[in-house]
Amino acid sequence: MLPLQISALALLCLPLALSSSHPCDIEENQTAWISNFIRKDVVIVGGGAAGLSAARKLIDQGITNIVVLEAQDYLGGRIKTHREGDILTEDGAEWINGGRMNPLYSYWSAQEELTSPLPNSAFDWRIRTQSGQPADARGFDATAWLMEECERSSVLQAYAAKGYGECYEDRFSDSYDWEMARPAEKEAWLHYAQMWVNKDTGLDDWKDQSGLDAKHFTDWGLDQWIQWKNGFDTLVDHLQAGIPVETSSPVCRIFYGRRVAGRRLRNRVLVVTQDGTSYLAHHVVVTASIGHLKERHAKIFSPPLNLAYRAAMDATMLGLADKVQLGWDTPWWGDKPLDLNIIFTQKLSDPDTLTFSEELKEHIGPM
C-alpha cells in the first residue's frame, strides 16, 4: 500500500465517561509491604524508551539485580507499532528526527534499519477544502512563509512576554494579498497555521507559549523525518533483550523516608505495585510521564517531593497530539504517494464539515 499523508488539522472533542477512582487507589497496608518485600539493587519505574535505556546501561555495567516495572501490558511507552497482515503503522512515536545530530540515527542507519526519505517531488501534493474542492495553493505558501517568519529570533524578540500565536495573528495579513483570496479561505489558512503550531508544540492554544519560550525551543527535526523499515518497536526489542521486566505492574507507592510502619529503611526505597507486591531497593529510577506525575505524585511519594520539583510540575502545561490511521484496500488516489492537506472553511460545529469523507473522496481527483 502506498503511503497517504493527510494534514487535516482539526480538533474533535468527544465526551468521555470519567471514573472517580484510580487503579492505584489501593488499600494502605504498610506493615505487609515492609515485611514481605523483594530485594533489588535498582527498581526502574516505567518501561518506555527511557526506562529500558536506563536498564540496558545498568546491565551493560554489570548491575544485574534490577527490575523494570511497567504499568501497561506492553513495553515501549509512546512507542507502539501496530501490525495487521503486511500493513505496519505506528500508533505512537513514528520518526527519528534530526538526522546525524540524533545519536539514534547513526547507530540504526549503520544497522540498515532506517528508510531513506522520499524527496518532495515524489509525492502527489494536493490541497483541498473539507468538501473536497481545490483550495488556493498560494494560501499554503503564505502560511509556510508565516511559520518561518515567526521562528526567526529577531521577530520573536517582540513577543518575549506575549503569546507565541500573536506573532502569527499580527503578521498574517502581510503573508499574502488576502484580497485576492477566496473570502472563506483567509480564516481557514490562519486556522491551519494554528493547528500546525499546536501539533508541533503540543499546545492546546498557541498563545499558551510565550515568544521567549518559542525562541528557546530547539527543533531537532531539521526537516528530516526518518522512519523505521521494520517498525519503531525494533528499538524496544533491542533495548529489552535480557532485561527483567514486570508488565501490568503500575507503581502506586514509593516510600523514601526514614521509616515505614515503624521499621527503618536504612537509606533504601520501598516501591509498591497495584497488586501489593513490594520491592526494597538501594536506588529507584522514575521515568513515568510528567502527566502521570502531575496527577499522582502526592499519592505516590512519601514523604512528598520537594517544593522545587512540585513547582516545576505545576508550571508544566500538557498538550495532546492525536493521530488517526486511515486505510483502504487500494490506493484510490493514484500511483504516487499522496500528501493531502485539508483546510476547513466552515466551523467544525457545522454538520456538513463533520461528514465530509465520502464527498472528499469523490472530489479528490487530480487538480
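## Lining of the second largest pocket

In this predicted model, the second largest pocket is lined by Ile254, Tyr256, Val269, Val284, Val286, Leu293, Phe301, Leu305, Tyr309 and Met313. Sorted by class, this lining consists of ten nonpolar residues, with no polar and no charged residues. The space in the second largest pocket amounts to about 220 Å³.

Two elements, strand β14 (278–286) and helix α11, each give two or more residues to the lining of this pocket. Helix α11 spans residues 307–314, and Tyr309 and Met313 are among the lining residues.

## Helices α10 and α11

Helix α10, covering residues 290–300, and helix α11, covering residues 307–314, have axes that come within 10 Å and cross at roughly 120 degrees. Because an angle of that size falls outside the range of 65 to 115 degrees that counts as roughly perpendicular and is not over 145 degrees, α10 is described as oblique to α11. The crossing of these two helices is left-handed.

On the α10 side, the contact is made by Ile290, Leu293, Lys294 and His297, while α11 contributes Arg310, Met313 and Asp314. By class, the contact of α10 with α11 comprises three nonpolar, one polar and three charged residues. Leu293 and Met313 take part in this contact, and Leu293 and Met313 also appear in the lining of the second largest pocket.

## Helix α9 with α2 and α3

Helix α2 (residues 49–60) packs with helix α9 (residues 233–240) at an angle of about 30 degrees, and their axes lie 9 Å apart. Since angles under 35 degrees count as roughly parallel, α2 and α9 are roughly parallel to each other. The crossing in which α2 passes α9 is left-handed. Ala49, Leu52, Ser53 and Arg56 of α2 meet Val236, His238, Leu239 and Gln240 of α9 in this contact, whose residues divide into four nonpolar, three polar and one charged.

Helix α3 (residues 103–110) also packs with α9, here at an angle of about 90 degrees and with the axes 13 Å apart. This angle makes α3 roughly perpendicular to α9. The residues that make the contact are Leu104, Tyr107 and Trp108 of α3, together with Thr234, Leu235 and His238 of α9; by class they divide into four nonpolar, two polar and no charged residues. His238 of α9 is thus listed in the contact with α3, and His238 is listed in the contact with α2 as well.

## Backbone features in two loops

The peptide bond that runs from serine 302 to proline 303 is cis, with omega near 0 degrees. Proline 303 is placed in the loop between β15 (301–302) and α11. Phe301 and Leu305 are among the residues that line the second largest pocket.

A further backbone feature is found at glutamate 112, which has a positive phi of about 60 degrees although glutamate 112 is not a glycine. Glutamate 112 lies in the loop between α3 and β7 (124–129), and α3 is the helix that packs with α9 at an angle of about 90 degrees.

Conventions:
Residues numbered from 1 in each chain as written. Predicted model: local features only at pLDDT ≥ 70, side-chain atom pairs only at ≥ 80, totals over all residues. Heavy atoms only, no water. Axes fitted to C-alpha atoms, helices over the stretch in contact; angles between N-to-C directions. Helix = DSSP H or I, 4+ residues; strand = E, 2+ residues; numbered from the N terminus. Left-handed = near helix turned anticlockwise from the far one by under 90°. Contact = heavy atoms within 4.5 Å. Nonpolar A, V, L, I, M, F, W, Y, C, P; charged D, E, K, R; others polar. 1 Å grid on protein atoms, 1.4 Å probe; cavity = no way out; pocket = protein on both sides within 12 Å on 5 of 7 lines; lining within 4 Å. Points joined across faces, edges and corners; volume = space filled by probe spheres on them.
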